[in-house]
Structures are given as structure tokens and as C-alpha cells.
Amino acid sequence: PPLARLRRMTTRVRIADDHNLVRTGLAMLVREIPGFEVIGEASTGREAVDFSRRQQPDVVILDLSMPELHGIEAMPQIRRHAPQARVLFDTVDLHYL
């Protein structure tokens, strides 16, 4: 609910990337931003979708290429469970560029 979001004033971020180094680095960067909180990490697209069912992230940083479910496939499912979530894609896979 928008009113609850205003009271919270914290942007809740979920990071999903199958590369541990990338996940860790992104989490470190997000934690340095005032008003942002990392509420979880996932190494597969399926984990990212499952988490969105249980939690309501404001932002999901989603790798395009992950095991079990690619980011492009996971995004509509995440948005179905967490319609308020904004999805940002990341990738280290050059064939997506």
C-alpha cells in the first residue's frame, strides 16, 4: 500500500544473480545508499520469483541469464506477485549486449 510505503521510507531491494561475486558487490553498493536495504539475494530465477511471493520488494536487480529461469522469464512472474516492484536487469554475458 502506498501509505505504508511512505511511512517506511526505505527502498527494499532483492538481488538475483548466479555469480556470487556480482551479487556480493551489488549488495555492498546498495547498502551504501541511504534509504536502501537489501532484503535478500538469490542465485536462480526461480528463487527470485519464490521470494517475490513471500516478500514485497520495491526493487529487484535481476541477472538476464540465470539457472532454472532466465531473468527475462522471471520478470513477469515477479511483477505478478509484486506489482509495485521495479526490475533492473544486469548481465555479464556479452551476447545480451
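1. First, a working definition: two strands pair if DSSP finds at least two bridges between them. Keep in mind that this is a predicted model. With that in hand, take strand E1 (residues 11–16) and strand E2 (residues 36–42): six bridges join them, and they run parallel. In E2, Phe36 is the bridge partner of Thr11, and Val38 is the partner of Val13.

2. How does the chain get from E1 to E2? It goes through helix H2 (residues 20–31), and the β-α-β crossover that results is right-handed.

3. E1 also has E3 as a neighbour: four bridges join the two, again with the strands running parallel. If you want a landmark for this pairing, look at Ile15, whose bridge partner in E3 is Ile61.

4. Put the strands together and you get an open sheet of four, ordered E2-E1-E3-E4, with parallel pairing. E2 and E4 are the edge strands; each has a single partner strand, so one side of each lacks a neighbour in the sheet. From one strand to the next, the twist averages 20 degrees. As a reminder, strands of a sheet pair through backbone hydrogen bonds, either parallel or antiparallel.

5. Is E1 enclosed or open to the outside? Six of its six residues are buried, so E1 is largely enclosed by the rest of the structure. In a regular strand the side chains alternate between the two faces of the sheet. Here Thr11, Val13 and Ile15 point one way from E1, while Arg12, Arg14 and Ala16 point the other way. Both sets are buried, and that includes the two arginines, Arg12 and Arg14.

6. Now for helix H4 (residues 71–81), whose buried residues are Gly71, Ala74, Gln77 and Ile78. They span an arc of only 125 degrees around the axis, which puts them on the same side of H4. The general reason for such spacing is that an α-helix has 3.6 residues a turn, so residues three or four places apart point the same way.

7. What do the buried residues of H4 pack against? Their neighbours are helix H3 (45–54), strand E3 (59–63) and strand E4 (86–90).

8. The H3 and H4 pair is worth a look of its own. Their axes come within 8 Å and cross at roughly 10 degrees, which means that H3 is roughly parallel to H4. On the H3 side, the contact is made by Gly45, Arg46, Ala48, Val49, Ser52 and Arg53. H4 contributes Ala74, Gln77, Ile78 and His81. Among these, Ala74, Gln77 and Ile78 are also buried residues of H4.

Note on methods. Residues are numbered from 1 along each chain as its sequence is written. This is a predicted model: local features need pLDDT of at least 70, side-chain atom pairs count only at pLDDT 80 or more; totals for chains, interfaces and linings use all residues. Side-chain values use heavy atoms; hydrogens and water are left out. Buried means under 20% relative accessible area, exposed over 50%, partly exposed in between (1.4 Å probe, protein chains only). The arc is that of the directions from the helix axis to the C-beta atoms. Contact means heavy atoms within 4.5 Å. A crossover is right-handed if, with the strands pointing away from the viewer, the path from the first strand over the helix to the second runs clockwise. Axes are lines fitted to C-alpha atoms, for helices over the stretch in contact, and angles run from 0 to 180 degrees between N-to-C directions. Angles under 35 degrees count as roughly parallel, over 145 as roughly antiparallel, 65 to 115 as roughly perpendicular and the rest as oblique.
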